[in-house]
Amino acid sequence: MTTMYTRREFGKLTLAGFALPAFGGLIDSVVGGVHLGVQTYSFRDMARPPSGDAVDIVVKAIADCGLSECELWAPQAEPQLGGGQRGARGGPPSPEAQNARDALRKWRLDTPLDHFRDIKKKFDAAGISIFAYNYSFNPTFTDQEIDRGFEIARALGASVITASTTLDVAKRVVPFADKHKMVVAMHGHSNIKDPNEFATPESFAAALKMSQHFKINLDIGHFTAANFDAVAYIREHHADITNLHLKDRKKNEGENTPWGQGDTPIREVLQLLKRERWPIRAYIEYEYHGTGTPVEEVKKCYAYAKQALA
């Protein structure tokens, strides 16, 4: 006998931690051959428990949006450990912030990998796959912490680590990516003035030369805001792109806008993926100031993407 659940009942069961059977076809966000999903940073403003992680909140949000895959933002799989402000003008962190940073490092290194395997089970039960783990290496990471990120990503079932990082830090990641034989996709922003930032085609090219395991996580909104042509870049470099972040921004470092109101060629990019059948994921990243909840706004973005692929 097949048991049927309403979406509300399903969400309650997921949050209660029950292991649901894998429902083939319960959620399927492949549209026109294009794998649509979400960067879970989109749900950053949703209330979360004061202790523990935000995993249950995120799983329910993704399911409510009707999406079947994601790029999991690391802070949502980690506890909030408090902390204070950094020093003035980029100086050293306050003692509170340093203590929080040390505590997070200890948590990452000491938490058993079974904890992350259990997180994967929650996503699996909801019919959601974790394609990538967004673990952004920065200068405060120790070598052990970098190495641990690959172990965590594997335990979560991720195929890729995505990282908002810099060229100098990326060099430190090379031996670990090579050791684990796991792809690290560099995420770009729009600050083309800093040569250490990933923002320009040249900065991505520099990363690709560092390791055969380095690829690109192209944010087409930021790329457009930096006045580059996302369609042309994807057409030329598709073999080196793991997944896209979909958002709409204005050119010339312009603001984030509701989809269809900026300069980003979202429709053209999605049609290109549909036409060429490249295995590049296209993930919604909600960052504009919407009028609804994060779930409502992500649903709007999903509807826009589906219409664009019609």
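Where in the structure do Lys120 and Asp124 lie, and how many residues apart are they? Both belong to helix α4, which spans residues 113–125, and they stand four residues apart, about one turn of the helix. Their side chains meet in a salt bridge, with 2.7 Å from N to O. As for exposure, Lys120 counts as partly exposed because its relative accessibility is 28%, a value between the 20% and 50% cut-offs. Asp124, at 34% relative accessibility, counts as partly exposed as well.

Colleagues, I should state at the outset that the model before you is predicted. I shall continue with the salt bridges, then turn to the chain as a whole, to one helix pair, and to two backbone angles.

A search of the whole structure finds 21 salt bridges. One of them joins the side chains of Arg108 and Glu78, at 2.8 Å from N to O. Arg108 lies in helix α3, residues 95–110, whereas Glu78 lies in the loop between β3, residues 69–73, and α3, so this pair ties together parts that are 30 residues apart in sequence. Are these two partners buried or exposed? Arg108 is buried, with a relative accessible area of 7%. Glu78 also counts as buried, because its relative accessibility of 3% falls under the 20% cut-off.

Glu145 and Arg101 form another salt bridge, and their closest N and O atoms are 2.9 Å apart. This pair links distant parts of the chain: Glu145 sits in helix α5, residues 143–156, and Arg101 in helix α3, with their positions 44 residues apart. Both Glu145 and Arg101 are buried.

To return to Lys120 and Asp124, that pair lies within helix α4. Elsewhere, salt bridges that share partners join Glu78, Arg101, Asp102, Arg105, Arg108 and Glu145 into one network.

Let me now turn to the chain as a whole. Its secondary structure comes to 11 helices and 11 strands. The chain has 310 residues, of which 50% count as buried. Among contacts with a separation of 6 or more, 74% are between residues 24 or more positions apart. The exposed area of the chain is about 14400 Å², and carbon and sulfur atoms supply 52% of it.

Next, the helix pair. At what angle do helix α2 and helix α11 pack? Helix α2, residues 55–65, and helix α11, residues 294–308, pack at about 40°, and their axes are 9 Å apart. The two helices are therefore oblique to each other. Their crossing is right-handed. On the α2 side, the contact is made by Ala61, Asp64 and Cys65, and on the α11 side by Val295, Val298, Lys299 and Tyr302.

Finally, the backbone angles. Most residues other than glycine have a negative phi. Lys181 is not a glycine, yet its phi is positive, at about 50°. Lys181 is placed in the loop between α6, residues 167–180, and β6, residues 183–187. With a relative accessible area of 61%, Lys181 is exposed.

Which other residue has a positive phi, in this case near 60°? That residue is Glu253, again a residue other than glycine. Glu253 lies in the loop between β9, residues 248–249, and β10, residues 256–257. Its relative accessible area is 44%, and Glu253 is thus partly exposed.

Definitions and conventions. Residues are numbered from 1 along each chain as its sequence is written. This is a predicted model: local features need pLDDT of at least 70, side-chain atom pairs count only at pLDDT 80 or more; totals for chains, interfaces and linings use all residues. Side-chain values use heavy atoms; hydrogens and water are left out. A salt bridge is a side-chain nitrogen of Lys or Arg within 4 Å of a carboxyl oxygen of Asp or Glu. Buried means under 20% relative accessible area, exposed over 50%, partly exposed in between (1.4 Å probe, protein chains only). Contact means heavy atoms within 4.5 Å. Accessible areas come from the Shrake-Rupley method with a 1.4 Å probe; for residues, only the protein chains shown count as cover. Axes are lines fitted to C-alpha atoms, for helices over the stretch in contact, and angles run from 0 to 180 degrees between N-to-C directions. Angles under 35 degrees count as roughly parallel, over 145 as roughly antiparallel, 65 to 115 as roughly perpendicular and the rest as oblique. A crossing is left-handed if the near helix is turned anticlockwise from the far one by less than a right angle, and right-handed if clockwise.
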